[in-house]
Amino acid sequence: MLHQPRSPLAASIPAKLPDQRWQIAPIQLEQAEAIAQATNLSPLLAQVLLNRGMDTPEQIQAFLNPENQVLPSPLEDFPDLPLSLELLINAINSRQRIAICGDYDADGMTSTALLLRALRFLGAQVDYAIPSRMKDGYGINQRIVEEFYEDGIGLILTVDNGIAAYEPIARARELGLTVIITDHHDVPSQIPPANTILNPKLIAEDSPYRGLAGVGVAYILAVSLAQSLGKTQGLNQSLLELFTLGTIADLAPLTGVNRRWVRRGLQLLPKSKLAGVQALVQVAGLSGAKDLKPEAIGFRLGPRINAVGRLADPQIVIELLTTDEDGVALERAMQCEQINQQRQKLCEQIEQEAIALCEKGDIDIQGDRVLVVVQPNWHHGVIGIVASRLVERYGVPVFIGTYEEETDEEETADVETDEAGEVGGLSVSSAITSVAKIRGSARGIPEFNVFEALEFCRDCLEKHGGHKAAGGFSLKAENLTRFRAYLRAFAHQCLQPEHLKPLVEIDVAASLNQISYSLYAQIDALHPCGIANPDPVFWSAYVRVCEQKQIGKGHLKVTLQDETLSGGQKIQAIAWRWGNYHPLPRYLDVAYRLRLNEWNGEISVELELMGARLPARPSSLPGAFTEFMHKERFYTCNLFQNGSGKELQINNAEGKSLTVQKGQKVGILQEAHAGTRQVNVCQPPFYDLIKAALSALEGKTGI
């Protein structure tokens with residue numbers, strides 16, 4: 001019987017792996033052991049806490065038990081909050097009409113719904129408006145202000161926008177309207193002349209409220225108002241649920257009060273009393289879940305909300321989250337589901353088209369250190385998602401855009417074909433020569449600041465905005481060549497060649513034998529995990545890929561075993577969007593997160609692969625051995641000469657061995673626990689397996 005060679009598959013099958021760079025946190029054994037003893041956590045998770053910047057008992061206890069943290073009053077940390085409450089109370093008491101101006105992303109829509117629910121509950125006359133993503137772009141504008149004025153609105157309340165809208169706010173004040181800005185975006189040099197501004201970027205950096213998303217500011221305002229009026233009963237739970245949805249969907253940091261309140265909200269969502277949340281949970285396939293993790297919102301609920309703002313009318317989501325009628329809620333949730341399916345198809349189509357452009361070889365991604373891809377007929381509402389996927393694939397900053405028609409026909413006619421037709425180094429059809437504007441989205445990598453890059457290019461842009469990791473921009477098509485040149489120059493200032501690979505940040509090394517339900521349960525102490533508090537990422541060296549198969553739309557399901565231990569346990573793993581890397585090499589170092597798999601009443605811990613690389617251990621495959629794949633499984637085989645002629649031996653990962661003499665119809669099958677038996681090798685499945693083995697051996701032995 002043959003023995004499995006303990007060496008990487010790279011010796012016989014070329015490796016197809018993600019081209020990544022691994023950043024493994026430094027090991028702090030003594031401190032990790034001390035923290036583990038103090039917290040009763042695994043030393044692995046103690047190392048994770050150290051990686052998150054917590055190295056004192058006080059910091060760790062505040063993190064593990066956020067409810068014990070003493071919070072300052074929001075009235076102390078937000079200087080304009082008392083006056084904001086006074087203005088709203090006066091408006092409610094005088095029956096003055098209030099209008100909310102929201103935004104079309106999940107943060108803006110949940111913020112709008114939260115304040116609508118709160119203000120209506122508190123007796124206000126309130127309505128709302130959300131600018132169109134396609135027609136208006138982001139934030140309150142002068143048209144909305146004028147319409148509010150004409151409709152008799154006395155007080156404008158912005159949510160998740162307004163801090164950069166100087167001219168519209170100035171116009172509102174000129175018309176005699178009261179304006180309260182609630183926003184969380186970076187503060188520009190010129191602050192709008194609103195009556196009050198509530199923005200965590202304007203408060204102390206060490207405040208626990210500093211990381212609030214737009215919905216968090218709306219939540220503080222609503223709860224403070226209800227407390228001032230003595231009407232909190234029956235309101236707080238629904239507001240906390242909306243806060244949780246918006247905070248996670250907006251990728252706000254899960255630190256400070258966000259961690260504390262999201263933890264509460266996640267316990268409420270599975271048994272939500274909001275008809276819209278119940279319906280959304282139902283269509284997302286989460287009914288019956290005992291609890292929800294942030295990823296359930298980030299990957300299931302949030303996208304269904306965000307898809308509406310990207311492709312359709314945000315009113316659908318506002319009605320979903322404010323209705324108390326089950327029928328209306330289910331109808332709106334089904335609309336969200338249908339729109340999200342449309343969004344998925346668009347993203348997949350655009351992503352494949354963008355990859356095809358990049359793979360042609362006309363774009364020098366490594367040389368430019370930034371990827372600029374522009375095409376006609378791409379939907380602006382989803383290209384930001386595609387940009388994120390391209391960053392994940394290529395590891396460079398991505399600026400992706402699409403052409404939009406210019407309403408001024410005379411101006412459009414002035415655009416020359418060669419200027420409008422250049423697309424990321426490619427030429428496109430003459431069909432787009434009549435368009436004059438490009439509108440796009442950008443996503444960065446850790447070493448590249450998107451907002452600073454757009455500022456660097458401002459001379460050739462019409463509009464731009466964003467922050468370190470993401471942004472949006474628009475420019476005349478005739479400026480595309482300059483824009484690409486500026487971005488290339490900026491990228492060469494801040495990026496080195498070693499930065500141009502997707503980054504996998506890893507917490508600590510672990511053996512697969514350490515992976516257990518007990519360890520998974522301990523990770524709950526770190527939840528909710530998300531931005532600024534990511535799920536722990538472990539890595540294991542020299543594991544064997546026992547089985548692998550493609551599932552779904554381009555995913556891999558694999559079985560792994562630790563080769564460094566005798567009798568190492570096997571564990572299932574999922575690798576999302578890794579279909580292009582199939583088949584994986586036989587031996588790997590893997591980076592992963594833990595996930596729970598519930599199937600037919602059984603619960604098991606699985607791995608979610610984040611990265612893979614060839615082991616450092618050199619290959620030592622004997623020359624007679626060859627490895628091959630057959631029906632999604634790995635085998636080794638050897639053809640050698642014995643006293644009675646040539647003999648073929650085939651082994652699989654389970655320890656089964658098939659031996660057959662050349663020219664014989666009967667072979668010997670040996671199994672680890674069942675002994676040996678004769679089998680007819682002319683019948684399935686043995687005949688096809690032998691053919692595959694001989695084909696693999698052909699190049700090595702000259703048979």
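**Exercise 1. A buried arginine**

Task: Find what the side chain of R259 reaches, starting from the backbone oxygen of H527.

Solution.
Step 1. A polar atom of the R259 side chain lies 3.1 Å from the backbone oxygen of H527. This is a predicted model.
Step 2. The R259 side chain also reaches the backbone oxygen of L526, at 3.0 Å.
Step 3. Place the residue: R259 sits in helix 11, residues 256–268.
Step 4. Look for a charged partner. R259 is buried but has no salt bridge. The nearest side chain of opposite charge is E67, 9.6 Å away. A salt bridge needs nitrogen and oxygen within 4 Å, so E67 does not qualify as a partner of R259.
Step 5. List the surroundings. Leaving out residues up to four places away in sequence, R259 touches F63, L64, P66, L254, A525, L526, H527, P528 and N533.

**Exercise 2. The arginine next in sequence**

Task: Which residue forms a salt bridge with R260, and which parts of the chain does the pair tie together?

Solution.
Step 1. R260 forms a salt bridge with E67; the closest N and O atoms are 3.5 Å apart.
Step 2. R260 belongs to helix 11, while E67 lies in the loop between helix 3 (57–64) and helix 4 (74–77), so the bridge ties together parts 193 residues apart in sequence.
Step 3. Check burial. R260 has 11% relative accessibility, so it counts as buried. E67 has a relative accessible area of 39% and is therefore partly exposed.
Step 4. Extend the pair. E67, R260 and R264 are linked in a network of salt bridges.

**Exercise 3. Two further salt bridges**

Task: Locate the partners in the R304 and K557 salt bridges, and state whether they are buried or exposed.

Solution.
Step 1. R304 pairs with E337, with the closest N and O atoms 2.6 Å apart.
Step 2. R304 is in helix 13 (residues 294–311) and E337 in helix 15; the two are 33 residues apart. Both R304 and E337 are buried.
Step 3. K557 and E606 meet in a salt bridge at 2.9 Å, N to O.
Step 4. K557 lies in strand 17 (residues 555–562) and E606 in strand 20 (residues 602–613), so this pair ties together parts 49 residues apart in sequence. K557 and E606 are both buried.
Step 5. Set these pairs in context: the count comes to 24 salt bridges.

**Exercise 4. Nonpolar cores**

Task: Which residues touch the most other members of the largest nonpolar core?

Solution.
Step 1. The largest nonpolar core has 132 residues. Within this core, L371, F399 and F483 touch the most other members.
Step 2. Helix 15 (residues 326–359) gives the largest share of this core, 11 residues.
Step 3. Another core lies apart from it, with 44 residues, among them A32, L44, I571 and L609.
Step 4. Zoom in on L371. Beyond its neighbours within four places in sequence, L371 contacts C358, I363, I365, L390, Y394, V396, P397, V398 and F399.
Step 5. Add the background: in soluble globular proteins, nonpolar side chains tend to be buried together.

**Exercise 5. Backbone exceptions**

Task: Where are the cis peptide bonds at P528 and P583, and where are the positive phi values of R95 and D160?

Solution.
Step 1. Recall the usual case: most residues other than glycine have a negative phi, and most peptide bonds are trans.
Step 2. A cis peptide bond joins H527 and P528, with omega about 0°. P528 lies in the loop between helix 22 (517–523) and strand 16 (538–551). Both H527 and P528 are among the residues that R259 touches.
Step 3. H582 and P583 are also joined by a cis bond, with omega about 0°. P583 is in the loop between strand 18 (570–575) and strand 19 (587–599).
Step 4. R95 is not a glycine, yet its phi is positive, about 60°. R95 lies in the loop between helix 5 (81–93) and strand 2 (97–101). Its relative accessibility is 47%, so R95 counts as partly exposed.
Step 5. D160 has a positive phi near 60°. D160 lies in the loop between strand 4 (155–159) and helix 8 (166–174). At 0% relative accessibility, D160 counts as buried.

Note on methods. Residues numbered from 1 in each chain as written. Predicted model: local features only at pLDDT ≥ 70, side-chain atom pairs only at ≥ 80, totals over all residues. Heavy atoms only, no water. Helix = DSSP H or I, 4+ residues; strand = E, 2+ residues; numbered from the N terminus. Buried < 20%, exposed > 50% of the residue type's maximum accessible area, 1.4 Å probe, protein only. Lys, Arg positive; Asp, Glu negative; His and termini not counted. Polar contact = N/O pair within 3.5 Å; in protein donor to acceptor, adjacent residues only side chain to side chain. Contact = heavy atoms within 4.5 Å. Core = buried A, V, L, I, M, F, W, Y, C linked by side-chain atoms within 4.5 Å.
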